[in-house]
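Me: I have a structure open and would like to learn how to read it. Could you walk me through its features one at a time?

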Amino acid sequence: MARFGMVNYINTAPIYEVWKEQVHNPDWPVTEAPPAQLNRLLAAGELDLGFVSCYEYAVRPEQYRIMADLSISATGPVGSVFLFSSVPPEELDGKQVLMTGQSDTSVWLLRIILEDFFLVKPKYTSGEVFGARDPANEPAAVLAIGDEALRLATETNSPYPVQVDLAEFWNQQTSLPFVFSVCAVREDFLATAEDTARDLHQTLLSCRDQGQERLPEISERAARRIPMDPTACLHYLQAMEYDLSSAKLEALEEFFSRLIRHGAASAKALPLKIFP
């Protein structure tokens, strides 16, 4: 038995659509959820492995290893992790910024961008991006990710004319990609089921490679979930990357180093532990 977690955003479609077609192993049950929920389940031992925020690994590195050559990442614009703001980011000092609760990695990426690069300290709050709010207490800016960000980016008459693609900004400042999710496997699972973990790892790599080859077909299928224009969906998925190259390992190290300096991650997050 290997309890596996999969992010339920369309950015996993190039892997997950193939998985759903081809992998019918009852011993590999899948839980679909936003990254933050998968983080909690993996940390609690209710999942054995899965795609989680890279932040989850950084906070509890002694519990996990990172599966080689698998990620959800981007080199440049990602198109689904945005700061939507009513003012330029350098004017957000002391102002309210609403943070989605769906991804701890994106929350900390935004905090690092605002605090390390723009040198501002907003007032952070957490809540629903499309939730009901008092018009008199509307935040100055909103962090939105995944399918919600795709919707907000195309919304007409938005109160947030300033849009910052966080992966693009990170790339401009560091010359590195950004890794949003890794496929983490629990150390206690590896201790008893390493062969199963290897089989699942190879299956995921195969699904990813096939999905990349079938991207136009898969993007048309995924576009119906938003809904969004199939061509726009294809362009979005073409910007997503699913490997874990040496540049992406360096990017993880840079991000984790900053998290450690902020007191937001374990010093044991470095050096990285990779499986196999």
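Me: Let's begin with charged side chains. Which kind of contact do aspartate 116 and arginine 258 make?

Reply: Happy to help, and do keep in mind that this is a predicted model. To call a salt bridge, look for a side-chain nitrogen of Lys or Arg within 4 Å of a carboxyl oxygen of Asp or Glu. Here the side chains of aspartate 116 and arginine 258 form a salt bridge, with 3.0 Å from N to O.

Me: How many salt bridges are there between domain 1 and domain 2, and how many residue pairs are in polar contact?

Reply: The count between the two domains is one salt bridge. For polar contacts, there are seven residue pairs between domain 1 and domain 2.

Me: Which elements supply the side of domain 1 that touches domain 2?

Reply: At least two residues each come from α2 (35-43), α3 (54-59), β10 (178-186) and α10 (246-261). With five residues, α10 gives the most to that side. By residue type, the side of domain 1 that touches domain 2 divides into 18 nonpolar, four polar and three charged.

Me: Where do the domains begin and end?

Reply: According to the domain assignment, domain 1 covers 4-73 + 177-275, and domain 2 covers 81-174. Their C-alpha centres are 23 Å apart. The contact draws 25 residues from domain 1 and 21 residues from domain 2.

Me: What is the area buried between domain 1 and domain 2?

Reply: About 2,000 Å² is buried between them, and carbon and sulfur atoms give 68% of this area. On the domain 1 side, the residues that lose the most area to domain 2 are Tyr9, Phe180 and His262, together 29% of what that side buries.

Me: And the overall fold: how many helices and strands does the protein have?

Reply: The protein has ten helices and eleven strands. Its radius of gyration is 18 Å, close to the 19 Å that the globule rule gives for 276 residues, so the protein is as compact as a globular protein of that length.

Me: What should I look for in the backbone?

Reply: Start from the usual case: most residues other than glycine have a negative phi, and most peptide bonds are trans. Now look at aspartate 69, in strand β4 (residues 64-74): this residue has a positive phi of about 60° although it is not a glycine.

Me: Which peptide bonds are cis?

Reply: One is the bond from leucine 270 to proline 271, with omega near 0°; proline 271 sits in the loop between α10 and β11 (274-275). Another cis bond runs from phenylalanine 275 to proline 276, with omega near -5°, and proline 276 lies in the segment after β11.

Note on methods. Residues numbered from 1 in each chain as written. Predicted model: local features only at pLDDT ≥ 70, side-chain atom pairs only at ≥ 80, totals over all residues. Heavy atoms only, no water. Domains from an automatic or database assignment. Contact = heavy atoms within 4.5 Å. Buried area = accessible area lost by both parts, 1.4 Å probe. Polar contact = N/O pair within 3.5 Å; in protein donor to acceptor, adjacent residues only side chain to side chain. Helix = DSSP H or I, 4+ residues; strand = E, 2+ residues; numbered from the N terminus. Nonpolar A, V, L, I, M, F, W, Y, C, P; charged D, E, K, R; others polar. Rg over C-alpha atoms; globule rule 2.2 N^0.38 Å.
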